[in-house]
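Colleague: Please take a close look at the helical part of this model, and include the loops, charged pairs and open spaces that go with it. I would like the cut-offs stated as you go.

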Amino acid sequence: MPAIKNFLDGYFNKAQRKCWLQEDLHRPPSSFRSVIYTLFYVVPFYLSSTTRPSRTLSRDAPSVIRARVASVSLTCVVCSLITFVILTSQKGATHVDGLHAMGYWPLGLPETGRSLLLTAILFSGPLYEALLVNGGWRACLTLQSVSGLFTEWTSWRNIIAGPFTEEVLFRSASVPLMLVAHTSVMRTIFLSPVIFGLAHFHHFYEFRVTHPHEPVVAGLLRSLLQFSYTSLFGAYATFLFLRTGSLLAIFVVHAFCNIMGLPRLWGRVEPETDEYSDASDSNVQDDAKAGVRTSKPSIMWSVVYYVLLVGGAVGWWKNLGALTMTDNALVAMKL
């Protein structure tokens, strides 16, 4: 796609750089636009009683989730249109150029598959624990986890609505503006996620409202932890977006990471008790009543997990460049 390549090359072409910078002198900084987008995303949560948590209304209430999803969807549409207009106002830019810079076209199915594989390699240990140790493969076979997306509002928010709207706003609508402003690749990767992480800091207020008797320090530590891992993930998602040029890829990776949660970094790995282990639990209880000694879960569960955890991190690092290489990249990066 020569037109797209020429358009994106314009971001970093030295011959055109001076002209582009002069055009951007009277525009607000791209980071300022990102902050404004973030405010558009979060502030409406607290303007209405239907979206504002209270001591009697949790953020997990279905009515709150529905209202918030409607609010952020409208925000994403408005902010995306603003970014699209800015991108297509550049000299020589077409509508297709703007859609590609925002990750909508090409769709990026191969890039999505490779990005998901790369992330799954990183989560080798947690996948082993979830699917094999805890028997999660049974739920996958029965499509139980999929049906939960359409029957539980919190699951739908955390795995579908949340990841998609966040990637639309914080990557698709924000990152191209940083490129137009000639923000360096490294700064784009690590500055954009900070804004993304700060966007989650409003959870501290919600925690204080719904847990008024908890110490303030506990709420702050909880929010700082969330800020840390959301910023780290934001850097990874921004990197993937720049490398693949695909909104679909980073949405799928975001949803996958939300499903997996934070990986276990310490402690013994043992099977969890669930509906699939009821029979074995009853057998254990019968053995206990009969005076039969029952053995603890094998230490090998833990050994295999931590080997896969470390091996997955090494494998992720070694394949970071190969599995994200594509002709649809928004910028050229040497890895």
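Modeller: Helices here are DSSP runs of H or I with at least four residues, strands are runs of E with at least two, and both are numbered from the N terminus. The model is a predicted one, in which local features need pLDDT of at least 70 and side-chain atom pairs count only at pLDDT 80 or more, while totals for chains, interfaces and linings use all residues. Residues are numbered from 1 along each chain as its sequence is written, and side-chain values use heavy atoms, with hydrogens and water left out.

G98 is placed in helix α5, which covers residues 95-101. It counts as buried because its relative accessibility is 1%, where buried means under 20% relative accessible area, exposed means over 50% and partly exposed lies in between, with a 1.4 Å probe and protein chains only. The C-alpha atoms of G98 and T83 are 8.6 Å apart in space, although 15 residues separate the two in sequence.

The loop between α5 and α6 (109-122) holds P106, and the peptide bond that joins W105 and P106 is cis, with omega about -5 degrees. Another backbone feature is found at H182, in the loop between α11 (175-180) and α12, where phi is near 65 degrees and so positive in a residue other than glycine. At 9% relative accessibility, H182 counts as buried. As background, most residues other than glycine have a negative phi, and most peptide bonds are trans.

Helix α14, residues 216-244, has 29 residues and reaches 41 Å from its first C-alpha to its last, close to the 42 Å expected at 1.5 Å a residue; the expected span is 1.5 Å times one less than the number of residues. G245 follows α14 and has a positive phi near 65 degrees. This helix also gives the most to the lining of the largest pocket, with 9 residues.

That pocket has a volume of about 1400 Å³. A pocket is an open set of points on a 1 Å grid over the protein atoms alone, with protein on both sides within 12 Å along at least five of seven lines, whereas a cavity is a set of points where a 1.4 Å probe fits but cannot get out; lining residues have an atom within 4 Å of a point. Grid points are joined across faces, edges and corners, and a volume is the space filled by probe spheres set on the points. The largest pocket is lined by 48 residues, of which Y229, T230, F233, H254 and N258 lie nearest its centre. Among the elements that give two or more residues to this lining are α3, α4 (62-88), α14, α15 and α17 (300-319).

Turning to charged pairs, a salt bridge is a side-chain nitrogen of Lys or Arg within 4 Å of a carboxyl oxygen of Asp or Glu, and the count comes to 5 salt bridges. R264 and E129 form one of them, at 2.6 Å from N to O. This pair links distant parts of the chain, 135 residues apart, with R264 in the loop between α15 (247-260) and α16 (278-289) and E129 in helix α7, residues 124-133. R264 is partly exposed at 26% relative accessible area, whereas E129, at 11%, counts as buried.

In helix α10, residues 153-172, E167 and R171 are 4 residues apart and therefore separated by about one helical turn. Their closest N and O atoms are 2.8 Å apart in a salt bridge, and both residues are buried. A network of salt bridges links R59, D60 and R157, and within it the closest N and O atoms of D60 and R59 are 4.0 Å apart. D60 is partly exposed at 35% relative accessible area, as is R59 at 26%.

Another link across the chain brings N134 and E270, 136 residues apart, to a C-alpha separation of 7.8 Å. N134 belongs to the loop between α7 and α8 (136-141), and its relative accessibility of 15% is why it counts as buried.

On the surface, V35, L39, V43 and L47 make a nonpolar patch of about 360 Å². Patches are made of residues with over 30% relative accessible area and no salt bridge, with like charges joined within 9 Å and nonpolar side chains (Val, Leu, Ile, Met, Phe, Trp, Tyr) within 5 Å; accessible areas come from the Shrake-Rupley method with a 1.4 Å probe, and for residues only the protein chains shown count as cover. L39 sits in helix α3, residues 30-42, and counts as partly exposed because its relative accessibility is 45%.
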